[in-house]
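Visitor: I'd like to learn how to read a model like this one, feature by feature. Could you walk me through it?

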Amino acid sequence: ILITIIALYMANSDFRKLIDVHILKKEIHENDAIQLKLDVEELSYVNVFNDNVITINGGVLTFYSNKGKEEENLDVILSSPISDTDDKYLVLGDKSGNKLYLINDKNIKWEKEVEGKISKVSVNKNGYVSVISVGNTSESDIAVFNEKGDNIFTYHLASTYAIDSDISRDNKYLAIAEVDYSGVSAKSQVKIISIDN
């Protein structure tokens, strides 16, 4: 019987659609979807993290379960949030501001104020964070923090602009994508820096 059902599923598109819609529930209609009622006047951020919908509304980071139930609230001071996630970590930064938060599961692991204005944030699965900031004495600064919030080092780009950065999964290397606008045409390159050294 099982072989017959599998053969029909693979060969007959009408039978496959019937199984997908009614048994496997692959098709969701608007009436079946879970809805969240949110105040959009102060809503500045919506994302998905660890099977939760998360929002920032009026300085409060709210976690909603996949059933739409409010689970946790955290106070964050972010006027224009940007983020990155990996595994159980979420990093939040204030674009063109200086506030930075590392969230682990549903708790603030640490918060910092960085020098300059944040333009990009990145986190790896171990909670190591890289932050690109502008507006200091150099064109771009890339600060690297460990999972405890200790600043391991800050790398300065004197004449080029960092547009992205990422830390390897083993916490050994920092990759920086940078662009040089000083010539006739823009030149881009990627630098790999040893965090240990």
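Visitor: Leaving out residues up to four places away in sequence, which residues does threonine 62 touch?

Guide: Keep in mind that this is a predicted model. To read a residue's surroundings, list its contacts beyond the local sequence. Here threonine 62 touches Val53, Ile54, Thr55, Glu70, Glu72 and Asn73. Threonine 62 itself sits in strand S3, residues 60–64.

Visitor: Is threonine 62 buried or exposed?

Guide: For that, look at relative accessibility, where buried means under 20%. Threonine 62 comes out at 7%, so it counts as buried. Its side chain also has a polar partner: the side chain of asparagine 73, at 2.9 Å.

Visitor: Now the nonpolar side chains. What is the general idea there?

Guide: In soluble globular proteins, nonpolar side chains tend to be buried together. In this model, the largest nonpolar core has 14 residues, and Leu100, Val129 and Phe145 have the most contacts inside it.

Visitor: Which elements give two or more residues to this core?

Guide: They are strands S6 (89–94), S7 (99–104), S9 (117–123), S10 (129–134) and S11 (140–145). S9 gives the most, with 3 residues. Apart from this core lies another one of 13 residues, among them Tyr45, Leu61, Leu78 and Tyr101.

Visitor: What is phenylalanine 145 in contact with, leaving aside neighbours within four places in sequence?

Guide: Its contacts include Leu100, Val129 and Val131, along with Trp110, Lys112 and Asp150. Gly127, Tyr128 and Ile152 are on the list as well.

Visitor: Where do nonpolar residues form a patch on the surface?

Guide: Look at Leu2, Ile6 and Met10, which together have about 340 Å² of accessible area. Leucine 2 is in helix H1, residues 2–11. At 59% relative accessibility, leucine 2 counts as exposed, because the cut-off is over 50%.

Visitor: And the next helix: which residues of H2 are buried?

Guide: In H2, residues 13–23, the buried ones are Ile19, Asp20 and Val21. The buried residues of H2 pack against H1. Check the helix ends too. Asparagine 12 caps the N-terminal end of H2, with a side-chain oxygen 2.9 Å from the backbone nitrogen of aspartate 14. Just after H2, lysine 25 takes a positive phi of about 55°.

Visitor: Where else should I look for positive phi in a residue other than glycine?

Guide: Try the loops. Asparagine 50 has phi near 50°, and asparagine 50 lies in the loop between strand S1 (43–49) and strand S2 (52–57). Serine 96, in the loop between S6 and S7, has a positive phi of about 65°. For accessibility, asparagine 50 is partly exposed at 26%, while serine 96 is exposed at 53%.

Visitor: Let's try a loop residue with polar contacts. What does the side chain of serine 138 make a polar contact with?

Guide: Pair up the N and O atoms and check the distances. The side chain of serine 138 makes a polar contact with the side chain of aspartate 141, at 2.5 Å. A polar atom of the serine 138 side chain also lies 3.5 Å from the backbone oxygen of serine 140. Serine 138 is in the loop between S10 and S11, yet at 12% relative accessibility serine 138 counts as buried. Not counting residues up to four places away in sequence, serine 138 touches His156, Leu157 and Ala158.

Key
Residues are numbered from 1 along each chain as its sequence is written. This is a predicted model: local features need pLDDT of at least 70, side-chain atom pairs count only at pLDDT 80 or more; totals for chains, interfaces and linings use all residues. Side-chain values use heavy atoms; hydrogens and water are left out. A nonpolar core is a set of buried Ala, Val, Leu, Ile, Met, Phe, Trp, Tyr and Cys residues joined through side-chain atoms within 4.5 Å. Buried means under 20% relative accessible area, exposed over 50%, partly exposed in between (1.4 Å probe, protein chains only). Helices (H or I, at least four residues) and strands (E, at least two) are DSSP runs, numbered from the N terminus. Contact means heavy atoms within 4.5 Å. Patches are made of residues with over 30% relative accessible area and no salt bridge: like charges are joined within 9 Å, nonpolar side chains (Val, Leu, Ile, Met, Phe, Trp, Tyr) within 5 Å. Accessible areas come from the Shrake-Rupley method with a 1.4 Å probe; for residues, only the protein chains shown count as cover. A salt bridge is a side-chain nitrogen of Lys or Arg within 4 Å of a carboxyl oxygen of Asp or Glu. A polar contact is a pair of N or O atoms within 3.5 Å; within protein, one must be able to donate a hydrogen and the other to accept it, and residues adjacent in sequence count only if both atoms are side-chain atoms.
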